[in-house]
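The following paragraphs guide the reader through a protein model and the ligand placed in it. Please keep the sequence and the structure in view while reading.

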Amino acid sequence: MIFERDFYRRCGVATDKVLLVTGGGRGIGAATARLAAQGGWAVAVNYAANSLAADEVVRAIRAGGGTAISVQADVADEAQVLKMFAHVDSKLGRLTGLVNNAGVVDRAQPVAEQSVARWRRMFDINVIGSMICAREAVRRMGTAHGGAGGSIVNLSSAAARLGSPNEYVDYAAAKAAIDAFTIGLAKEVAPQGIRVNAVRPGLIDTEIHASGGRPNRVEELKAGVPMGRGGTADEVAQLIVWLLSDAASYTTMSLIDVSGAR
Ligand code: NAP
């Protein structure tokens with residue numbers, strides 16, 4: 001089989017940098033996919049349901065001369081994730097970068113009103129989903145598995161240290177789990193040439209707030225941010241793409257805030 005990667009290589013496009021961005025169709029993931037493509041990454045743009053948004057990111061990357069594909073999978077579903085990685089293998093080649101970006105919040109509620117079903121969804125998508133993807137990435141990147149190393153960036157949140165009382169303590173707890181997972185995995189796979197870091201955004205202007213029932217959340221809370229404003233998805237993407245790059249070659253096990261001092 002001739003990989004699309006080989007086609008692009010013959011065209012002079014450097015595609016030994018193969019990246020999967022989960023939840024890459026919208027928000028921080030979309031900004032990351034676009035910026036990484038500008039940096040020479042061939043990008044697989046994962047989505048759960050919004051194929052139009054993912055296809056638009058792919059279209060924009062290709063229009064700029066980059067390489068991209070879209071791929072559907074619910075990251076909380078192991079079988080779908082395995083299928084997604086196999087698809088990326090066959091279309092782009094061996095993965096060298098993963099951004100575990102797919103994530104959800106739920107409606108603002110005190111813990112006393114939250115259901116177990118809500119908590120399971122919160123952890124299934126935000127924690128287990130990231131862990132399944134990280135495991136599959138290690139199986140491709142790790143030198144013990146015949147890989148050439150790579151970089152994994154996990155999306156945590158400032159919520160992991162703030163706790164998000166009366167809003168989503170469950171989300172904060174899930175992101176704290178991502179921090180611990182990042183620390184442990186970074187130590188475990190450093191000898192295999194894989195760096196693992198987490199980015200902790202603060203209040204970032206994306207559609208995630210509307211999905212939690214508060215479309216104006218950034219406006220409402222920005223006065224409490226020492227910098228006096230919310231951040232943009234592009235500002236977070238800059239850090240993620242740097243962490244993916246060789247410029248961050250000695251940076252691993254880091255939990256880095258992008259929060260305007262929130
Ligand atoms: P967003 O605009 O709501 O986008 C979320 C993305 O995740 C969408 O592309 C969505 O796919 C995808 N997704 C959701 N559930 C999924 C699943 N089960 N499987 C695969 N993909 C799934 O969110 P965002 O604000 O960019 O957030 C991105 C990450 O940053 C999340 O991990 C979030 O927790 C974290 N974060 C955000 C903020 C903030 O203020 N925005 C702050 C701290 C941390 P579809 O397009 O198909 O729906």
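In this predicted model, an oxygen atom of the ligand lies 3.2 Å from a backbone N or O atom of glycine 202. Threonine 206 contributes through its side chain, where an N or O atom is 2.4 Å from an oxygen atom of the ligand. On the side chain of aspartate 74, an N or O atom is found 2.9 Å from a nitrogen atom of the ligand. Taken alone, the ligand has 890 Å² of accessible area, and the protein covers 94% of that area. The surroundings of the ligand comprise 31 residues, of which Ile28, Ala49, Asn50, Tyr171 and Thr206 come nearest.

The description now turns to the fold. Seven strands form an open sheet with parallel pairing, in the order E3-E2-E1-E4-E5-E6-E7. Strand E3 (68-72) and strand E7 (255-258) occupy the edges; each has a single partner strand, so one side of each remains without a neighbour in the sheet. On average, neighbouring strands of the sheet are turned by 20° against each other, direction ignored. At the E7 edge, strand E6 (residues 194-201) pairs with E7 in the parallel sense over four bridges. Within these strands, proline 201 stands opposite valine 258 in E7.

Helices pack on this sheet as well. Helix H4 (residues 78-92) touches strand E1 (18-21), strand E2 (42-47) and E3, and its direction makes about 160° with that of E3. Helix H5 (residues 116-141) lies across strand E4 (97-100), strand E5 (150-155) and E6, and runs at about 175° to E4.

Finally, the confidence of the prediction should be considered. The protein has an average pLDDT of 95, and 94% of the residues score at least 70. Over residues 9-14, however, the pLDDT is below 50, and this stretch has six contacts in the model beyond near neighbours in sequence. Where pLDDT is low, predicted coordinates should not be read in detail.

Conventions:
Residues numbered from 1 in each chain as written. Predicted model: local features only at pLDDT ≥ 70, side-chain atom pairs only at ≥ 80, totals over all residues. Heavy atoms only, no water. Pairing = 2+ DSSP bridges. Helix = DSSP H or I, 4+ residues; strand = E, 2+ residues; numbered from the N terminus. Axes fitted to C-alpha atoms, helices over the stretch in contact; angles between N-to-C directions. Contact = heavy atoms within 4.5 Å. Near = heavy atom within 4 Å. Polar contact = N/O pair within 3.5 Å; in protein donor to acceptor, adjacent residues only side chain to side chain. Areas by Shrake-Rupley, 256 points an atom, 1.4 Å probe, with all protein chains shown as cover. pLDDT = per-residue confidence, 0-100.
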